Amino acid sequence: MSMLWQAVGAEWGKLWSVRSTWWCLAAATVLTVLSALTLGGATATDALRGESPATAVVASEPVVSATSFAQFALVALAMLVITSEYASGSVRVTLQATPVRGVMLAAKALVVAPVMAAAGVLSGAVATAAVYVLLSADVFGGLVVLPAGEVVLDLLAVGLFYALVSVMTVGVGTAMRSAAGTLTIVFMMLMGLPLLLLMTGSQAALDASLRMPLFAGLAFMGSTDNMTGGPIPYSAGEGLVWLLAWTAAALATGHAVLRRRDA
């Protein structure tokens with residue numbers, strides 16, 4: 001156990017010692033705010049035009065939808081946690097200091113998860129405040145509301161979603177070892193493959209797409225839109241189970257590759 005906490009301390013220091021960490025966190029906040037404002041404004045405008053029911057828009061709802069775009073800034077940061085060490089060769093030093101491969105991988109996951117969760121909650125809070133301030137003006141008919149309990153639950157769900165996606169990225173990065181390969185695989189898992197499957201029109205492909213991390217995360221965070229005009233056909237709890245399963249599979253794959261191959 002002492003080896004694990006020593007490794008966590010080392011990973012924590014490495015994470016905050018590079019500028020890319022701050023740039024990625026800032027980019028995630030900016031993307032979350034801009035995406036949430038765009039999505040919230042579109043929803044409120046449609047309601048005012050009579051193109052959708054004129055129901056109140058909870059200020060944090062656009063933030064949940066904005067995760068589809070903003071997640072990639074945090075994915076980039078999670079990817080660099082492992083791939084930058086392979087690119088520079090410093091992974092050899094890391095593995096010499098922490099020779100048990102599983103401990104090294106667990107340390108990275110234990111550092112990445114809370115940082116990304118906090119980033120999700122904080123960026124989501126900023127975006128929620130921006131949506132409420134800018135879209136509760138008279139031009140939007142006061143359709144934006146701010147119920148404290150619902151907002152807190154939404155922000156916590158966003159934080160957990162970002163934490164799990166980031167840990168999943170660490171697992172993929174450990175298996176792929178390169179930034180380009182990791183980014184390609186994670187993008188396909190989160191966005192590319194689900195949308196391609198939706199476009200086939202096949203019911204089997206639709207069912208498979210809705211169980212991938214993107215829609216599992218949206219279901220967990222309370223969104224019901226599957227981007228085809230229909231609902232995601234399962235509960236938030238099942239969405240969390242699917243998201244956990246994908247994260248566990250990525251970590252298990254990364255660990256298996258790490259044990260088989262030298263640095």
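**Exercise 1. Find which residues S60 is in contact with, leaving aside its neighbours within four places in sequence.**

Solution. Start with the rule: contact means heavy atoms within 4.5 Å. With neighbours within four places in sequence left aside, S60 touches T128, E150, V151 and D154. Next, place the residue: S60 sits in the loop between strand 1 (57–58) and helix 3 (61–88). Helices here are DSSP runs of H or I with at least four residues, strands are E runs of at least two, and both are numbered from the N terminus. Last step: S60 counts as buried because its relative accessibility is 0%. The cut-offs are under 20% relative accessible area for buried, over 50% for exposed and partly exposed in between, with a 1.4 Å probe and protein chains only.

Before going on, a word on the model: it's predicted, so local features need pLDDT of at least 70 and side-chain atom pairs count only at pLDDT 80 or more, while totals for chains, interfaces and linings use all residues. Residues are numbered from 1 along each chain as its sequence is written, and side-chain values use heavy atoms, with hydrogens and water left out.

**Exercise 2. Work out how helix 3 packs against helix 6.**

Solution. Take the geometry: the axes of helix 3 and helix 6 (residues 148–176) lie 8 Å apart, at an angle of about 30°. Axes are lines fitted to C-alpha atoms, for helices over the stretch in contact, and angles run from 0 to 180 degrees between N-to-C directions. So helix 3 is roughly parallel to helix 6; the classes are under 35 degrees for roughly parallel, over 145 for roughly antiparallel, 65 to 115 for roughly perpendicular and oblique for the rest. Now list who takes part: helix 3 brings residues including E61, L74 and Y86, and helix 6 brings E150, D154 and F161, among others.

**Exercise 3. Describe the ring pair of W16 and W22.**

Solution. The whole structure holds four aromatic pairs. In this one, W16 and W22 are 4.9 Å apart centre to centre with 50° between the planes, a tilted pair. Rings of Phe, Tyr and Trp (its six-membered ring) pair if their centres lie within 6.5 Å; planes under 30 degrees apart are stacked, over 60 edge-to-face and the rest tilted. Then check exposure: W16 is partly exposed at 27%, and W22 is exposed at 52%. Ring pairs also link W12 with W16 and W22 in a cluster.

**Exercise 4. Locate A28 and decide: buried or exposed?**

Solution. A28 belongs to helix 2 (residues 19–48). At 4% relative accessibility, A28 is buried. Its contacts, sequence neighbours within four places aside, are A70, A73 and L74.
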